[in-house]
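Colleague: Could you take me through one part of this model up close? Pick a packing spot you like, and then work outwards from there.

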Amino acid sequence: MTKTSSPVRRATAAAAGIALALSLGACASAAPAAPAAADQAKDLKVGATPTLSGLGLRVAISEGNFSSDGLNVTPVVNKSANDAVPQLLSGELQIAQMDTITFMQARSQGLPVRIIAVNGEQSTNGEDGAMSAAGVVAKADSAISSPTDLVGKKVGVPAIKTQTWMNIRAFVDAAGGDSSKIEFVEVPSAQTIDLVVQGTVDASTPAEPLMSSSIAAGKVKLIHNTDAPGNKGVPSSVYVATEEFIAKNPDTVTNFADSVYAAAKVVNGNRELAAKVAQSELKYTPEQLKNAFFQTFGVAATTPAQIDQISNLAVKYGILTDKPKAEDLLADSK
């Protein structure tokens, strides 16, 4: 069994969030028939991360994609994906960005939320040496140099049984190691580099641009990206809304998806635009972005086959008890 060290306070907060979401979900009434397009929601509060994985939403705002589709979108910083679900169900948020695994866990608890659009996609097939949106790093002089070297070591992750945790297990096992013998510990994102340098953990999983800037500064070295083998193009994060909101606002949902996909087509591979928006909207400095890896954003709806690729791993590593029917997770929209 995988060793874990999980702060009681964080676990309690997550459990409280799920309990609140379940209570709100149980109280939700059946959605009425959709109103005419003119009566559908136009002002949207969208929960999103303030990191580079939230860049796609900010590009759609700055490039005017939402306004062209008649929407007024206000990003609201997500403290965590677990916090976003109760906010969706209470109506504080209309849409939220979250990693795909957190969404699947919410659905497995019976919460009435569905995917309305893809945000980030896994940028690689987990090849050795390839940069991606996040990675496993160790001290520059560490003896750790490959995925199998992580076995028996203490590895910091944002949380246990998340997509990052799952993908690390997948690539270590694929390389011939035994990921059940890794000691995973929860590490705050802001401390991922410091705790490695101090020796508190043997390795950790910083996201961009902290990872690339720390590697460039010689503080740490890349051991492996946090992409699962063979899963290039599957959604690493998604936009989610409640079934009630989707039923009441089908045109709004379609227009939102169209807007983020249009923005993704413009920013994917356009480093200049990505850096410009990251500075103006996410407040990163040019120095922080100098060596940054900008992930790929989805340009079309995810498919049931791609959802299956993620849920297969989630079941294998005990995140989900049963494999969900992919079609039940997706909104009936473009």
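Modeller: Here is the spot I chose, followed by its surroundings and a few places to treat with care.

First, some housekeeping. This is a predicted model, with residues numbered from 1 along each chain as its sequence is written, and local features need pLDDT of at least 70 while side-chain atom pairs count only at pLDDT 80 or more. Totals for chains, interfaces and linings use all residues, and side-chain values rest on heavy atoms, leaving out hydrogens and water.

My spot is I310, which sits in helix 13 (residues 304-316). Helices here are DSSP runs of H or I with at least four residues, strands are runs of E with at least two, and both are numbered from the N terminus. Is I310 buried or exposed? It counts as buried, because its relative accessibility is 1%; the cut-offs are under 20% relative accessible area for buried, over 50% for exposed, and partly exposed in between, with a 1.4 Å probe and protein chains only.

What does I310 touch, once residues up to four places away in sequence are set aside? The list runs T100, I101, M104, Q163, M166, V234 and P235, where touching is a contact, meaning heavy atoms within 4.5 Å. There's also A228: it lies 82 residues from I310 in sequence, yet the two C-alpha atoms are 9.1 Å apart in space.

Three of those neighbours lead straight into a helix pair. T100, I101 and M104 belong to helix 5, and they meet I307, I310, S311 and A314 of helix 13. The axes of helix 5 (residues 100-108) and helix 13 come within 11 Å and cross at roughly 75°. That makes the two helices roughly perpendicular, a label covering 65 to 115 degrees; under 35 is roughly parallel, over 145 roughly antiparallel, and the rest oblique. The axes are lines fitted to C-alpha atoms, for helices over the stretch in contact, with angles from 0 to 180 degrees between N-to-C directions. By class, this contact has 5 nonpolar residues, 2 polar and no charged. Nonpolar here covers Ala, Val, Leu, Ile, Met, Phe, Trp, Tyr, Cys and Pro; charged is Asp, Glu, Lys and Arg; the others, Gly among them, are polar.

Moving outwards, helix 2 (residues 55-62) has its own crossings. It packs on helix 10 (residues 250-267) at an angle of about 100°, with the axes 8 Å apart, so this pair is roughly perpendicular too. G56, L57, V59 and A60 of helix 2 face F256, S259, V260, A263 and V267 of helix 10, and the residues of that contact split into 7 nonpolar, 2 polar and no charged.

Helix 2 also crosses helix 11 (residues 271-282): the axes come within 10 Å at roughly 90°, and the pair is therefore roughly perpendicular as well. Here L55, R58, V59 and S62 of helix 2 meet L273, A274, V277, A278, E281 and L282 of helix 11. This contact does include charge: 7 nonpolar, 1 polar and 2 charged residues.

Now some backbone details. K283 lies in the loop between helix 11 and helix 12 (286-289); it has a positive phi of about 65° although it is not a glycine, and at 62% relative accessibility it counts as exposed. K161, in the loop between strand 8 (154-157) and helix 6 (163-174), also has a positive phi, about 60°, without being a glycine, but it is partly exposed at 36%. The bond from E208 to P209 is a cis peptide, with omega near 5°, and P209 is found in the loop between strand 10 (203-204) and helix 8 (210-216).

Stepping back, the chain has 13 helices and 13 strands, and 48% of its 334 residues count as buried. Of the contacts between residues at least 6 apart in sequence, 80% join residues at least 24 apart.

How far can you lean on this? The mean pLDDT is 90, and 88% of residues reach 70 or more; pLDDT is the predictor's confidence in each residue, from 0 to 100. It stays under 50 over residues 1-20, where the model has 28 contacts beyond four places in sequence. Residues 26-31 also stay under 50, with 3 such contacts.
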